[in-house]
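Please open the model in a viewer and keep the sequence panel beside it. The stops below each begin with a selection.

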Amino acid sequence: MTRSTPAAPPRTGGAVLRRAVRRRLRQEIPGFLVISVWQVSEAAVPVSLGIIIDRAIVPLDPVAMVVSILGLFALFIVLSYGYRFGSRLLNTALHREAHALRVEVARHALLGRGALRGRTAGEVLSLSSSDADVTALVFRQLALGGSAVIGLVVASVYLLWTDPFVALVVVLGVPLTLALIAGPSRLISRTSGAQQAAIAEASAVAGDTMGGLRILKAIGGERWASARYRTASQGAAHAGIRTADVSGRVEGLGAFAIGLVLAAVVLVAGWRVTTGDLSVGGLVSAVGLAVFFAEPMTSVTMAISTFARSHGAAGRIATFLQEPVTVPTEDADDASDARAHALEIRGLTLDGDRVLDVQVPPGHLVVIDAEDPADARLLSAALAGEDGAGAVRLDGTPRPALERPLAHAFVSAPHASDLFDGSIGTNITMRHDGAGDEAVAASVLAASATDEVLEVVGDGLAHAVREGGSNLSGGQRQRIALARALHADPAVLVLHDPTSAVDSVTEWAIARGVRTVRDGRTTVVLTGSPAFRSVADTVVVVPPAPSPTDGGAR
């Protein structure tokens with residue numbers, strides 16, 4: 001089967017917006033055309049009134065009056081339904097693109113190697129919510145702004161046909177107004193980007209605070225956490241004020257320019273009536289169009305302002321999407337791999353310029369005992385595909401270069417695993433489609449000592465789990481996370497301190513259970529646990545870096 005190559009992610013905010021427009025053309029083009037019909041109908045209302053005055057009211061023609069009333073009725077029907085259905089199409093494009101961007105950001109966060117490096121969960125949440133929504137606003141503003149320009153052109157052409165002097169005021173005034181607005185609007189993109197970044201920071205602080213709320217209360221850190229969030233929130237508020245200030249100045253400048261154009265049109269049209277060059281109906285049409293000009297010109301002003309905000313938000317998303325992702329292919333849906341794989345760590349640099357080399361033969365259980373916790377964290381990150389992953393090789397292939405299905409057969413379970421809102425079963429199987437409480441192998445439950453947890457909770461795998469596992473103890477959460485890793489049954493499994501929160505008796509039972517369940521599969525356990533050391537095929541001890549007082553020797 002031919003493997004499709006995923007398209008490269010857009011590199012700039014402009015590229016994100018162009019891609020968005022291209023993939024929503026089915027809604028954008030019809031929506032733009034229908035909205036343009038509505039805008040032209042709006043411009044036709046004062047024109048129609050002027051014609052009715054000249055053709056029906058002034059001559060006192062009853063037939064023309066009846067025809068005029070029927071024509072106005074039809075015009076308002078087109079006007080009403082044009083806006084309704086045009087807006088529906090544009091909102092469809094807007095919400096679908098916002099959803100697509102949210103999925104893309106979430107997918108990248110899950111599959112992108114190093115995508116979360118230097119970012120908190122709150123920042124990613126802001127990208128997938130606020131930034132995605134602001135970026136998608138480009139559809140509505142492009143259509144409304146474009147239709148406003150068409151309305152202005154149609155009105156200008158009619159004025160040119162009616163009276164060239166009035167048309168001259170419009171033809172010169174409108175472009176100058178738009179040029180006056182376009183320059184300062186560039187500031188909105190920069191201030192909006194800073195605002196979104198400040199919102200992301202506030203979201204990150206809030207997420208961190210709520211995640212560690214129980215610990216903060218236990219150590220009396222509520223005041224510190226409150227002050228930290230207050231600082232971040234005030235930063236977001238100040239950034240929002242700056243964005244609103246710039247946007248308000250641009251809109252105010254646009255309103256002032258619009259007022260000048262309107263005043264000039266009314267004065268010139270009134271003068272032309274006094275000279276007899278413009279009829280009464282023409283005057284009504286000219287004044288009506290002058291009033292009409294305020295709406296499309298405001299729409300153009302808002303479109304420019306909103307486009308600048310969308311560009312800033314899209315730029316943040318583009319920056320986030322630069323890390324490469326591992327995309328599943330149609331011929332690699334099954335992640336299981338019955339083969340044993342050789343794992344090798346070659347030239348991993350630790351603190352103190354130490355270099356680690358480890359060979360893990362296929363099907364072996366190897367314990368790596370890093371006496372310095374910092375070394376264990378660095379090694380865990382490298383095995384998980386983050387910093388230092390280039391030193392990790394699976395069957396001779398560097399970790400960052402692994403492709404599915406091999407990449408998906410390499411699972412690294414972190415020391416602190418998250419649990420999700422659902423049940424114990426869904427947290428083990430990671431299926432939330434109604435089949436999450438399906439039977440899990442008894443060997444997996446026994447090996448992770450989760451069977452003891454099920455006996456305590458009473459309702460087994462269906463027992464409800466709150467967000468973050470807040471209704472479970474630390475040891476219970478750790479056993480369920482271990483059961484999840486064993487249930488996945490990957491060809492290569494890395495465990496980081498899987499028994500740090502359980503008692504010694506349970507730890508020995510888990511070590512023997514993991515040994516049994518993982519028999520014939522490549523397994524690496526980062527721990528100093530005597531229980532795991534006793535069942536391992538090989539134990540690798542990583543001593544800490546020598547202190548300066550040791551004279552460079554241990």
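Select Ser 310, which is found in helix α9 (residues 280-320); helices here are DSSP runs of H or I with at least four residues, strands are runs of E with at least two, and both are numbered from the N terminus. The model is predicted: local features need pLDDT of at least 70, side-chain atom pairs count only at pLDDT 80 or more, and totals for chains, interfaces and linings use all residues. Residues are numbered from 1 along each chain as its sequence is written, and side-chain values use heavy atoms, with hydrogens and water left out.

Is Ser 310 buried or exposed? Ser 310 has a relative accessible area of 0% and is therefore buried. Buried means under 20% relative accessible area, exposed over 50%, and partly exposed in between, with a 1.4 Å probe and protein chains only. Display its surroundings next: apart from neighbours within four places in sequence, Ser 310 is in contact with Leu 17, Val 134, Thr 135, Leu 137 and Val 138, where contact means heavy atoms within 4.5 Å.

Move to Ile 241, found in helix α8 (residues 222-274). Ile 241 counts as exposed because its relative accessibility is 53%. Adding Thr 191 to the selection gives a pair 50 residues apart in sequence and 9.5 Å apart in space, C-alpha to C-alpha. Now select the whole of α8: its 53 residues reach 76 Å from first C-alpha to last, close to the 78 Å expected at 1.5 Å a residue. The expected span is 1.5 Å times one less than the number of residues in the helix. After α8 comes Gly 276, whose phi is positive, near 85 degrees.

The next stop is a helix pair. Two packed helices are described by the angle between their axes and the distance between the axes. Select α2 (residues 25-57) and α5 (residues 138-162), which pack at about 35 degrees with their axes 8 Å apart. Axes are lines fitted to C-alpha atoms, for helices over the stretch in contact, and angles run from 0 to 180 degrees between N-to-C directions. The crossing of α2 and α5 is right-handed, that is, the near helix is turned clockwise from the far one by less than a right angle. Residues making the contact include Phe 32, Trp 38 and Val 47 of α2, and Phe 139, Gly 146 and Tyr 158 of α5. By class, the contact of α2 with α5 has 14 nonpolar, five polar and one charged residues. Ala, Val, Leu, Ile, Met, Phe, Trp, Tyr, Cys and Pro count as nonpolar, Asp, Glu, Lys and Arg as charged, and the others, Gly among them, as polar.

Turn to the sheets. Select the four strands that form an open, antiparallel sheet in the order β2-β1-β4-β5; two strands pair if DSSP finds at least two bridges between them. β2 (354-360) and β5 (397-398) stand at the edges with a single partner strand each, so one side of each has no neighbour in the sheet. Six bridges join β1 (residues 343-350) to β2, and Leu 343 has Val 360 as its bridge partner in β2. Add helix α10 (residues 373-383), which lies across β1, β2 and β4 (392-394) and runs at about 130 degrees to β1.

A second selection shows an open sheet of five strands with parallel pairing, in the order β6-β9-β10-β3-β11. Its edge strands are β6 (410-413) and β11 (538-542), each paired on one side only. The twist averages 15 degrees from one strand to the next.

Which residues of β10 are buried on its two faces? Thr 522, Val 524 and Leu 526 are buried on one side, and Thr 523 and Val 525 on the other. Five of the five residues of β10 are buried, so this strand is largely enclosed by the rest of the structure. β3 (residues 365-370) pairs with β10 (residues 522-526) over four bridges; Leu 365 has Thr 523 as its partner, and Ile 368 has Leu 526. β9 and β10 are joined in the parallel sense by five bridges, with Val 492 opposite Thr 522.

Finish at helix α15 (residues 504-517), whose 14 residues reach 20 Å from first C-alpha to last. Its buried residues include Ile 510, Ala 511 and Val 514. The buried residues of α15 pack against several elements, among them β3, α14 (474-488) and β9.
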